[in-house]
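This report describes the salt bridges and the nonpolar cores of one protein model. Please keep the sequence and the structure in view while reading.

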Amino acid sequence: MTIPRQLPNAITIVRILCAPVFVWLLLADGGSDGALRWWAGVLFIVAIATDGIDGYLARRHEIVTDLGKLLDPIADKVLTGAAFVVLSILGELPPWVVVLVLVRELGITVHRLVVATDHVVAAAWMGKLKTLAQAVALSLALLPLWTVVGEWIHVVNTVTMTIAVLLTVASGLDYVVTAIRSRTSRRA
């Protein structure tokens, strides 16, 4: 079975388009623990899960494109960045965490866009691990699971968010070191 060549990129674009809908759902009722919060959490989980689907399809059918390599991490950053910002607006995440994450994410995205005319920088394994950790941490923070399982889930949320933030910093440092080494080796 062949799939349309642009299907993985279309899935990535849909992930980007889910971000404003997710934000609206979460903010519409002030982040309360009601149905809109559950829908926002579910939409986030479905949207972030498409990250694996579009990548799998592109690799499986050998239709990996430079556009896809560029758009895929941007889609992840739009979706996760929106989640971090909204959780901070709702007072559920300290602003310094959001600033730290967004500086890393925006810095690397800008670098990718600047060097895109020369070469496309695909996401590295540590960046993919960071995205997975962020997806898990944000999913747990977005879904009002405390209404179902009790307040102890906040401890789990704190631990997973701490791991996600640490991986965000570590993968950012890894990216910078790799970019410097790559630039040095190209000059030699």
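R15, D51, D54, D72 and D76 are joined in a network of salt bridges; a salt bridge is a side-chain nitrogen of Lys or Arg within 4 Å of a carboxyl oxygen of Asp or Glu. The model is predicted, so local features need pLDDT of at least 70 and side-chain atom pairs count only at pLDDT 80 or more, while totals for chains, interfaces and linings use all residues. Residues are numbered from 1 along each chain as its sequence is written, and side-chain values use heavy atoms, with hydrogens and water left out.

**Salt bridges**

Across the whole structure, a search finds eight salt bridges. Three of them are listed here.

| Pair | Closest N and O atoms |
|---|---|
| R15 and D51 | 3.5 Å |
| R15 and D72 | 2.6 Å |
| E105 and K130 | 3.0 Å |

The bridge between R15 and D51 links distant parts of the chain, with R15 in helix 1 and D51 in helix 2, 36 residues apart. Helices are DSSP runs of H or I with at least four residues, numbered from the N terminus. R15 also pairs with D72 of helix 3, 57 residues away in the chain.

Why does R15 count as buried? Its relative accessibility is 0%, and buried means under 20% relative accessible area, exposed over 50%, and partly exposed in between (1.4 Å probe, protein chains only). D51 is buried as well, and D72 is buried with a relative accessible area of 19%.

In the third pair, E105 lies in helix 4 and K130 in helix 5, so this bridge ties together parts that are 25 residues apart in sequence. Both E105 and K130 are buried.

**Nonpolar cores**

A nonpolar core is a set of buried Ala, Val, Leu, Ile, Met, Phe, Trp, Tyr and Cys residues joined through side-chain atoms within 4.5 Å. The largest such core has 30 residues, and those with the most contacts inside it are F22, F44, F84, L93, L138, L142 and M161. At least two residues of this core come from each of helix 1 (7-28), helix 2 (35-60), helix 3 (66-89), helix 4 (95-115), helix 5 (125-142) and helix 7 (153-187).

Which residues does L142 contact, leaving aside its neighbours within four places in sequence? They are F22, L26, R37, G41, F44, A83 and L87, where contact means heavy atoms within 4.5 Å. Apart from the largest core lies another core, of five residues, including L140, L145, W146 and I153.
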